[in-house]
Amino acid sequence: MPQKCPHRRYNDYYLVNDEDLMSNSEEGVELVIPKKRSLIKRILFIVSISLVVIGVIAFILAFIIFPLVFKFSLTLQQTFVFTRWNLVSDKSYFNNFRIAEYQNHYVEVIDTDNKTALQLGLWHMLPTRLAVNAIYEESYDFEAALRNSNFSVLLYFHGTGEDRSQSWQKYQLFRDFFHVIAFDYRGYGDSQEGPMFEENIVNDCVQIYKWVQDRTNSPIYVWGHSLGTSLATGALTQLGKSANITGVILEAAFTSLRDELYHHPYVKYFSWLPWFESTIVNPLTTNGFIFNTSAHILSLTSPIMFMHAKDDSVVPYFMSEELYAISDERDVSQAIKNLSSLILFSADIRLNHYFIYRDSFSLYYMYDFLKKTSPDLYSR
């Protein structure tokens with residue numbers, strides 16, 4: 001007879017229970033994993049839908065709502081053209097700026113309504129060779145030096161988004177050759193607020209030029225940077241023959257605001273929109289923000305030097321090339337045309353929009369232009 005194994009029941013018990021355990025375990029796998037996968041899919045679906053909704057809302061806000069608001073908001077248009085974020089307006093800042101031998105002035109101009117007076121902040125900086133003497137003379141006569149000296153006078157028009165203090169390093173280069181006059185447009189720096197339109201600001205610039213012209217017997221040059229190139233040439237156009245200008249230097253100039261809008265880093269991403277012209281370009285033109293430098297150039301009768309960096313990310317350098325070509329069509333003598341020039345700086349130097357003055361050759365280009373246009377002063 002076969003003998004019963006004393007552990008048979010034990011083994012059978014655990015065999016059965018092992019099977020039960022395995023069965024339960026497999027059921028657990030079948031139940032838990034699908035639940036986890038289902039939850040992950042649900043989360044991914046919700047996230048995807050949320051991203052699509054956010055993207056659609058962002059698109060509508062950026063490319064539909066904003067252009068429509070811009071079209072009907074004069075304040076937004078003025079803020080875009082005349083950028084003034086985070087600029088210092090404290091008068092003590094401009095009165096006590098750390099730059100050698102300068103005087104701070106407040107020049108009164110009359111607005112286009114012929115009755116509203118505004119005070120514009122202005123600096124007069126002595127040429128370096130005169131400043132060396134003035135440092136040791138507490139009562140140095142700045143007014144006499146400006147009126148009669150062997151140095152020309154440079155009236156500087158800064159770009160938008162900056163005030164007269166932010167180009168102080170550039171002025172150090174200018175002071176090798178000039179009395180430097182730098183001023184702030186209305187609403188910039190410590191200049192008084194007023195209606196921010198091209199017509200009004202150009203009118204201010206005309207009066208600033210007259211203020212300078214009345215105080216010197218020296219040759220006067222005008223230097224404009226970016227938006228300042230259009231304001232400067234617009235003011236000279238209004239002045240006409242009454243402006244005794246010896247030379248004009250235009251740095252990073254654009255042909256017109258309309259042209260610039262298709263290349264400006266803040267706006268060019270909207271240019272593909274079918275409604276770009278109707279909501280962005282045309283409203284600016286309708287409200288008088290035109291800045292047609294190309295037309296202004298044709299009215300200038302003095303030599304012009306154009307300077308532009310090829311890596312300029314704000315104003316493309318081909319605009320200076322176009323303006324230089326336009327300048328050759330002016331109704332002026334061939335001698336004036338021959339004195340005009342176009343200086344393009346290689347992109348490898350990385351001067352971009354603001355830093356042409358840093359290139360070591362800029363000094364020599366300036367001197368060459370001055371030597372040709374004011375030989376009595378600079379050919380010695």
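Here are some short exercises, with worked solutions, on a predicted model of a protein.

**Exercise 1. Work out whether the protein is spread out or a compact globule.**

Start with the parts list: the protein has 15 helices and eight strands. Next, take the radius of gyration, which is 34 Å. For 380 residues the globule rule gives 21 Å, and the protein's value is well over that, so the protein is more spread out than a compact globule. Now look at the C-alpha trace, which spans about 140 × 50 × 40 Å along its principal axes.

**Exercise 2. Find where Ser38 and Ile49 sit, and how far each is from a partner elsewhere in the chain.**

Begin with the element: Ser38 belongs to helix 1, which runs over residues 8–72, and Ile49 is in helix 1 too. Then check the surface. Buried needs under 20% relative accessible area and exposed needs over 50%. Ser38 comes out at 34%, so call Ser38 partly exposed. Ile49 has 42%, so Ile49 is partly exposed as well.

Finish with the distances, taken C-alpha to C-alpha. From Ser38 to Thr216 you cover 84 Å in space and 178 residues in sequence. From Ile49 to Ala309 there are 46 Å, with their places 260 residues apart along the chain.

**Exercise 3. Pick out the residues that touch the most other members of the largest nonpolar core, then follow one of them.**

Step one: the largest nonpolar core holds 62 residues, and the ones touching the most other members are Phe82, Leu155, Phe157, Leu231 and Phe291. Step two: ask which helix gives the most to this core. That's helix 7 (residues 198–213), with eight residues. Step three: follow Leu231. Setting aside residues up to four places away in sequence, Leu231 touches Phe157, Tyr185, Ile201, Val202, Cys205 and Phe291.

One more thing to look for is a separate core of 31 residues, lying apart from the largest one; its members include Phe174, Phe178, Trp223 and Phe369. For the protein as a whole, buried residues make up 46% of the 380.

**Exercise 4. Say what is unusual about phi in Glu101 and Ser226, and place both residues.**

First, the background: most residues other than glycine have a negative phi. Glu101 is not a glycine, yet its phi is positive, at about 50 degrees. Ser226 also has a positive phi, near 55 degrees.

Now the places. Glu101 is in the loop that joins helix 3 (91–95) to strand 1 (102–110). Ser226 falls in the loop between strand 5 (220–225) and helix 8 (227–239). Last, check burial for Ser226: its relative accessibility is 10%, so Ser226 counts as buried.

**Exercise 5. Decide whether Tyr140 is buried or exposed, and list what Tyr140 contacts.**

Locate Tyr140 first: you'll find it in the loop between helix 4 (128–134) and helix 5 (142–147). Its relative accessible area is 17%, so Tyr140 is buried. Then go through its contacts, leaving out neighbours within four places in sequence: Leu126, Leu130, Ala134 and Ala145. To tie this back to the previous exercise, compare Tyr140 with Glu101: their C-alpha atoms are 9.5 Å apart, and the two are 39 residues apart along the chain.

**Exercise 6. Describe the surface and the charges of the protein.**

For the surface, the accessible area comes to about 20400 Å², and carbon and sulfur atoms account for 56% of it. For the charges, there are 32 positive and 41 negative ones, and their mean positions lie 5 Å apart.

Terms used:
Residues are numbered from 1 along each chain as its sequence is written. This is a predicted model: local features need pLDDT of at least 70, side-chain atom pairs count only at pLDDT 80 or more; totals for chains, interfaces and linings use all residues. Side-chain values use heavy atoms; hydrogens and water are left out. Helices (H or I, at least four residues) and strands (E, at least two) are DSSP runs, numbered from the N terminus. Buried means under 20% relative accessible area, exposed over 50%, partly exposed in between (1.4 Å probe, protein chains only). The radius of gyration is taken over C-alpha atoms; the globule rule is 2.2 Å times the number of residues to the power 0.38. Accessible areas come from the Shrake-Rupley method with a 1.4 Å probe; for residues, only the protein chains shown count as cover. Lys and Arg count as positive and Asp and Glu as negative; His and the chain ends are not counted. The place of a charge is taken as NZ of Lys, CZ of Arg, CG of Asp or CD of Glu. A nonpolar core is a set of buried Ala, Val, Leu, Ile, Met, Phe, Trp, Tyr and Cys residues joined through side-chain atoms within 4.5 Å. Contact means heavy atoms within 4.5 Å.
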